[in-house]
Amino acid sequence: MELLLNFVIYLPIVGALFLFFIKSEEAIRWFSLVVTLGVFILSLPLLFAFDLSLTGTPQYMSVTEPFLSDWDVKYIVGLDGISLLLFMLTTFMAPIVILSSWKSITRHVAGFYGMLLVLQTGSLGVFASLDLFMFYIFFELTQIPMFFLIGIWGGKDRIYATVKFFVYTLVGWLLMLVALIYVGYAAGNMVNDGVFTTDWKLLTDPAFQLGLVEQTWLFLAFGFAFCIKIPIFPFHSWLPLAHTEAPTAGSVVLAAIALKMGTYAVLRYLIPLFPNSAIAFAPMFAVLGVIGIIYGALVAMVQKDVKKLIAYSSISHLGFVVLGMFAFTTTAAQGAIIQMVNHGLSTGALFIIIGMLYERRHTRMISDFGGIAKMMPVFTVMFMLATLASIGLPGLNGFVGEFLILLGSFNSEVLGSVWYTVFAASGVILAAGYMLWMFQRVMFGPLKHEENKKLKDLNAREIGLLVPLMVFIIWIGIRPTDFTKYSEAEVTNLLQVTQERAKTISEDAFVQDLPDWTKRLYQIPDDFLTQDHPDHSECDE
Amino acid sequence: MDAYVHLVPWIIALPLVGFLLNGLFGLAFESYRDRKNLIGAIATSAVFFPFLIALYLFFAMSGDSEAASVSLFTWMQAGDFSVDIAYRLDQLSILMTLVVTGVGALIHLYSVGYMADDEGFWKFFAFMNLFIFAMLNLVLADNMLLLFLGWEGVGLCSYLLIGFWYTDMAKSDAAKKAFLYNRVGDFAFLIAMFLVFQITGSLRFQDILDSAYLFSTDQAFLVGALIFIGATGKSAQIPLFVWLPDAMAGPTSVSALIHAATMVTSGIYVISRLSPLYMMSPELMLIVAVIGALTALVAATIALTRYDIKAVLAYSTVSQLGFMFLALGSGAFVAAMFHVVTHAFFKACLFLGSGSVIHAMHHVEHKLHKTNPDVHFDPQDMRFMGGLRAYLPSTYKTFLIATIAIAGIPPLAGFFSKDEILVMTFNAGAGVYGSIYYVLWAMAMLTAFMTAFYMFRLTFGIFHGSFRLPKLIEGAKDSAKLLHESPWTMTSVLWGLAVLSVIGGFIGIPNFVVATFTGTADVNLLSNWLDKVTLDADLILSKQVEWMLLSGSVLVASLGIFVAYKKYGNQEPVAEDEAVAARFGPLYSLWNKKYLFDEMYEGGIVRPVVRFSDRVLAVFDIRAIDGFVNFIASFVRFFGHLARYLQTGMIQTYAYGMVIGVVLILYLLIIR
């Protein structure tokens, strides 16, 4: 199984190398499809053999010797409850992405599919790696193909969009790299006999405890990087641009997979490594999440370009994920994980659907459409389902995630107020507003434009690539436990361990001489040392 | 009931199967779309067989049966939260199931004829089956979350069916409006669920009712109020009722099924389901009653001014729903459910009757079009009607019966249920906030008078007098000849509902009526049936008072009919309406403008929000947020530019720099 996991991760990039030897464009497409389908099929045993009873120990682990002299940086991959679903989402989406760009890409075909395959290996590596350093390397591996995908095969403003996307993300992640190195040395000193380490296992070791002052700065550096990647308001301005300019496949990968790296990293690294800061800053992140929900929805409402509208709706959906992660309840965190998958499926589907319209009409302006439902009945059904999933209709996947997040954050002790949930829930009204308004203007009404009277309904390939998405949209809506069961135990464990660790660290902090702002941030009483604290006096003895 | 509850999933499953069969085959095969008899048969039996199962269950049950539930599988599970796909069989859920499937099956049958010429026939029946499926989930749900699935599901079907003729932008506007106003209510319902879970740790109705003691009065008030806000959306009460009149854009059989008989009563159902919670807070009960009474009156006054026959019926529905909420607020949950049932009968009959009329008028327009393409008139406008009783005898008779029923004339169905509401409102006058309840009772009496009045105005306007179309439209001289009665598949349904409108009231004969003669009586079947489910206020009025109230309600209804007859019996409605308008002056114009609710929402909320997003937020997003990012970038670039001057590539410059450097270092080393 360990071998299989590595095989799954690297098969796409090896496939990409072979693409250079294939001449025919048609053969390149088929070859890429076969590779990605093969990867998906091979990844299924990883899901089926996953042991639900294990927590705190990733499965299918492979560990190498350290490969950087002096530094204990190892290649470690494995899957646990938190990464499994996103890993599977990545292998599942890849063939669909390949199929979605079957006809639309005619320039540098080998390059295009090669980039997609490299991107897949990078993404799988991001979700599977259990070493912070490896995570960083795999992450950078996804950035480069994405840069070219937008920059070469994108729309009119592709260069501006891709440079902004790349540089913006890079700035955040370079800052994180500095923090990462600091963490590596600190962890080395505390849990690895003085040798630099970024092993996830050691970083989550209870003995690795960062002081509150360091934690704050490191948390902010990591948090900044992830905020940009997710993106969280107000760091989102690269996203609508990148989405609009990217080719369909790029938008789908960006929405379904790439954005999840940010949210995944929060659960995997940000919260466990800096537990006190994560809890102290939770209300702030929750506020940003809620602002994102409402702000994204309102801005989405007035967009004239369908793709941009979906892009802003992503900001709104990811706001829910952020709220769920920082509520620190199992229910909300479970909701956040399933919402990551949901957003991948339904927003991915929406981008594919918009791509299909674009291929036919070479426009994405809402005003260029109207009355399409009459011409394209099958398309209408698919579009409707994806729209309803995005709105959060009960019985479809979006509702499950949103409901669990809202319910979990309503009862959150860390957030301590129901108002986050109340404001976030108002997003369900706005979502219905902007999505149905868009749907109506595109699909309903009379056929105003002559060009639209020649529109053809979906062909077999297009139906074939949308149906699997729809199946999961309905499946997760009706039986989400088939999916949430994988992460349930791990998430519970994660939150429990994190909170315990935060408690130990802040109890230790009582005896330290901390700056005032730290005391206020972490709510450590000023006159603690003069008080008679039962817990602490026991420790002293 | 445990022995029977396993049948419940079949009730739910069959409409889903019908939806999938017609939906998928219709979508995949064009030839299937023309097999209208098959489609109609599948769809109708997908509702009729669940009705038979429900009937079987009904006869297997009694008023004493314990509630039973059946769980299919775990729906959601995360942390300490878990909820099942589970159904609950008790007296209340089976009553609603009977109404939904019974009236539903009749309306399906009617629609086979009514929609026969529509190219979206298959789609229509797929949506109708999906609606029944969602509605059954709503009424049979074992927990609040599954109820919410049904709740939003019926909202979706309502959206799909209002906008059924989607090429008309106005119709899809109406559909969107319905969905959005409902969503506002659903938002409140969501929050209510979070609170309930926080307090009881469960969303199952059984757990909530068993642990009602955990709720403080304030919490009961808050939860109840939030659910009530949800109900004002779904059941079209002030302030969220404005979507329902617009919803008439859908096919008439949709209006009958969804927007009169079933979906719009779900708010009343859910509050009855949680009656013990509502009874904990008198303030909450008062709010429910006040909103109900106000809605009843406001909608009735608007109904007086409408010419569109479906609009009159739509406002009448809003008004009758108001009566039901008044009953809930007076602690009369049985009376509210009673009115739900009888209203389903007579209002479905009225809507389907209006459908038959519209069908006929539409046929006339269609025929006239063939000879004269310039002829245009609104087939729903009663100003073009009149005298139709001669041409549509069955429609006329059934419509008249249903009108008498809604007006509240004994012994028809509407009389008993409406009288019980009036009695119970008066009864609540003896409790907390009593004086306000007396005022509400007076408002309800006034509304009852208006109901009789505007319903007979409608009936007279459509069926009495002479046919006005030939006088008003050029080229429609002989149009009366083109009028014809609807086919038997449609009229037989009208008769079926008319019979139910006559006898439906007998399930709830007030005990005192019989007790006056025999001493004691136990004839109120419905009250006995729901005894275990709802927690009703005690009736403390004496028989004498009850008789007085009963006579009073008959009196106002008769008066309403009499006044309507005097004014509209054989006259032109337009002239008479002008006389009414002149008498009431500005008040009438307020009614006519529908109290400007739409304008307030449109101008006060919708447009400002859109404008703010468009002019402020969208601009802010580009100028400020992205602008700041670009500013940082250009800041960096600026320093890059400065640094560029250092790299000129000319030896002289570098040498010059070196000299300055050396001098500086020497200065620092030696002088300091």
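**Cavities in our predicted model**

Hi everyone! Let's start with the helices: in chain A, α3 (81–100), α4 (109–128) and α10 (248–273) each give at least two residues to the lining of the largest cavity. Please keep in mind that this is a predicted model.

So, how big is that largest cavity? Its volume is about 130 Å³. Thirteen is the number to remember for the wall: of the 13 residues lining the largest cavity, those closest to its centre are Ala94(A), Val97(A), Leu116(A), Gln120(A) and Val253(A). If you have the structure open, try clicking on those five. And what kinds of residues make up this lining? Nine are nonpolar and four are polar, with no charged residues.

Now for the second largest cavity, which holds about 70 Å³ of space. Which chains line it? Residues of chain A, including Gly392(A), Phe399(A) and Val428(A), are found in this lining with residues of chain B, including Phe148(B), Arg183(B) and Leu190(B).

Looking at helices again, α16 (397–410) of chain A, plus α5 (144–162) and α6 (169–200) of chain B, each supply at least two residues to the lining of the second largest cavity. Which of them gives the largest share? That is α16(A), with four residues.

The mix of classes here is six nonpolar residues, one polar and four charged. Among the residues of this lining are Glu402(A), Glu152(B) and Asp186(B).

One last number, for the whole model: how many cavities of 30 Å³ or more are there? The count comes to eight. Thanks for listening!

Technical notes. Residues numbered from 1 in each chain as written. Chains lettered and ligands numbered in written order. Predicted model: local features only at pLDDT ≥ 70, side-chain atom pairs only at ≥ 80, totals over all residues. Heavy atoms only, no water. 1 Å grid on protein atoms, 1.4 Å probe; cavity = no way out; pocket = protein on both sides within 12 Å on 5 of 7 lines; lining within 4 Å. Points joined across faces, edges and corners; volume = space filled by probe spheres on them. Nonpolar A, V, L, I, M, F, W, Y, C, P; charged D, E, K, R; others polar.
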